[in-house]
Amino acid sequence: MIDYPVSIVFTGDVSEKDIHLEIVDLPTLPDNLVEQIDLHWESELKLNPDLFSGPLLSPVSVVQKAGQVRLKCGVTDYKTFMGSTSDPTIPEAFRRRAIGVLAVTVSADGFVLVGVRSPRVDWGTLRHVVPAGRLKPSDGSVFRGIEIEFDEELGVKPREDLQSLVCVGLLKDETWGRLNFEFIFMARSLLSATDLIKKAADSKSANEH
């Protein structure tokens with residue numbers, strides 16, 4: 001049996017109004033860790049010069065009670081996310097994990113969309129459902145985050161091209177030692193698989209898959 005380090009935090013339909021996001025300050029990283037993160041980033045850039053250290057939200061805690069989800073997180077960046085989770089000896093208080101969003105997308109003719117990552121991006125050549133991404137401070141909400149991923153990765157306008165978009169749960173995922181919380185959505189499209197693939201080919205992030 002494969003030991004897959006993922007656990008379910010909760011399941012059940014959660015609407016946009018039921019997920020509350022709070023931004024808090026994160027502890028300052030010690031100088032020696034900042035130096036370690038910089039060195040790790042330099043090594044990663046040698047492997048993938050296209051990496052970009054954009055801003056990310058880093059989870060602090062998540063509480064689900066009476067149908068309400070309260071997500072507390074701070075602001076970090078991709079470089080710190082990678083570097084602070086690359087070494088298991090780094091204390092948990094200083095590990096800047098990310099918040100993932102992904103949607104199991106079903107086309108109007110019953111196909112599930114799966115992407116194959118380009119070798120030019122982090123975690124290249126892996127297969128996964130699309131769209132998916134990490135929550136950024138500018139997204140404003142978990143639902144807005146997945147809607148942006150639909151637009152960028154598939155060229156899909158959720159308010160126009162989807163029949164439904166529902167958050168069905170939250171996972172704690174340690175597969176890569178990086179992600180902490182991953183919000184899972186179920187999406188049903190009004191478009192056929194062929195139309196979705198055509199849209200994806202012209203999307204902003206078409207080179208990712």
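Reader: What makes the radius of gyration of this chain agree with a compact globule?

Author: First off, this is a predicted model. With 209 residues, a compact globule would have a radius of gyration near 17 Å, and the chain has 17 Å, so the two agree. The C-alpha atoms fill a box of roughly 55 × 45 × 40 Å along the principal axes.

Reader: How many helices and strands does the chain have?

Author: There are five helices and ten strands.

Reader: How much of the chain counts as buried, and what share of the contacts is between residues 24 or more positions apart?

Author: The cut-off for buried is under 20% relative accessible area, and 45% of the 209 residues count as buried. As for contacts with a separation of 6 or more, 67% of them are between residues 24 or more positions apart. The accessible surface of the chain comes to about 11200 Å², and 54% of that belongs to carbon and sulfur atoms.

Reader: Let's try single residues. Why is Thr-76 called buried?

Author: Thr-76 has a relative accessible area of 9%. Buried means under 20%, so Thr-76 is buried. Thr-76 lies in strand E4. Leaving out residues up to four places away in sequence, Thr-76 touches Gly-54, Pro-55, Leu-56, Ser-58, Phe-81 and Arg-96.

Reader: And Arg-95, what makes that one buried?

Author: Same kind of reasoning: Arg-95 has a relative accessible area of 11%, and the limit is 20%, so Arg-95 counts as buried. Arg-95 is in the loop between helix H2 (78-84) and E5. Beyond its neighbours within four places in sequence, Arg-95 is in contact with Ser-58, Ser-84, Thr-85, Asp-87, Pro-88, Ile-90 and Gly-177. Arg-95 and Arg-178 are 83 residues apart in sequence and 8.7 Å apart in space, C-alpha to C-alpha.

Reader: Why is Glu-22 called partly exposed?

Author: Partly exposed covers the range between the 20% and 50% limits. Glu-22 has 42% relative accessibility, so Glu-22 counts as partly exposed. Glu-22 is found in strand E2 (residues 19-23).

Reader: Which residues does Glu-22 touch, not counting those up to four places away in sequence?

Author: Glu-22 touches Leu-71, Lys-72 and Cys-73. Take Cys-73: Glu-22 and Cys-73 are 51 residues apart in sequence and 6.3 Å apart in space, C-alpha to C-alpha.

Reader: What about Asp-38: why is it partly exposed?

Author: Asp-38 has a relative accessible area of 29%. That falls between 20% and 50%, so Asp-38 is partly exposed. The place of Asp-38 is in helix H1 (residues 31-47). Asp-38 and Val-9 are 29 residues apart in sequence and 32 Å apart in space, C-alpha to C-alpha.

Reader: Why does Ala-66 count as exposed?

Author: The cut-off for exposed is over 50%. Ala-66 has 77% relative accessibility, so Ala-66 counts as exposed. Ala-66 lies in the loop between E3 and strand E4 (68-77).

Reader: What is the phi of Ala-66?

Author: Ala-66 has a positive phi of about 50 degrees, although Ala-66 is not a glycine. Most residues other than glycine have a negative phi.

Reader: Is the peptide bond from Val-130 to Pro-131 cis or trans?

Author: That bond is cis, with omega near 5 degrees. Pro-131 is placed in the loop between E7 and E8.

Reader: On to the pockets. How do you know where empty space is left?

Author: Rolling a probe the size of a water molecule over the atoms shows that. The largest pocket holds about 1400 Å³ of space. There are 38 lining residues, and Arg-117, Ala-132, Gly-133, Arg-134 and Glu-208 lie nearest the centre of the largest pocket. Elements that each supply at least two lining residues include strand E3 (55-65), strand E5 (98-106) and helix H3 (142-154). By class, this lining has 16 nonpolar, eight polar and 14 charged residues.

Reader: What is the lining of the second largest pocket, by class?

Author: This lining has eleven nonpolar, three polar and one charged residues. The second largest pocket has a volume of about 260 Å³. Of its 15 lining residues, Val-114, Val-130, Leu-154, Ile-197 and Ala-200 lie nearest the centre. Strand E6 (114-116), H3 and helix H5 (193-201) each give two or more residues to this lining. The largest share, four residues, comes from H5.

Methods:
Residues numbered from 1 in each chain as written. Predicted model: local features only at pLDDT ≥ 70, side-chain atom pairs only at ≥ 80, totals over all residues. Heavy atoms only, no water. 1 Å grid on protein atoms, 1.4 Å probe; cavity = no way out; pocket = protein on both sides within 12 Å on 5 of 7 lines; lining within 4 Å. Points joined across faces, edges and corners; volume = space filled by probe spheres on them. Nonpolar A, V, L, I, M, F, W, Y, C, P; charged D, E, K, R; others polar. Rg over C-alpha atoms; globule rule 2.2 N^0.38 Å. Buried < 20%, exposed > 50% of the residue type's maximum accessible area, 1.4 Å probe, protein only. Contact = heavy atoms within 4.5 Å. Areas by Shrake-Rupley, 256 points an atom, 1.4 Å probe, with all protein chains shown as cover.
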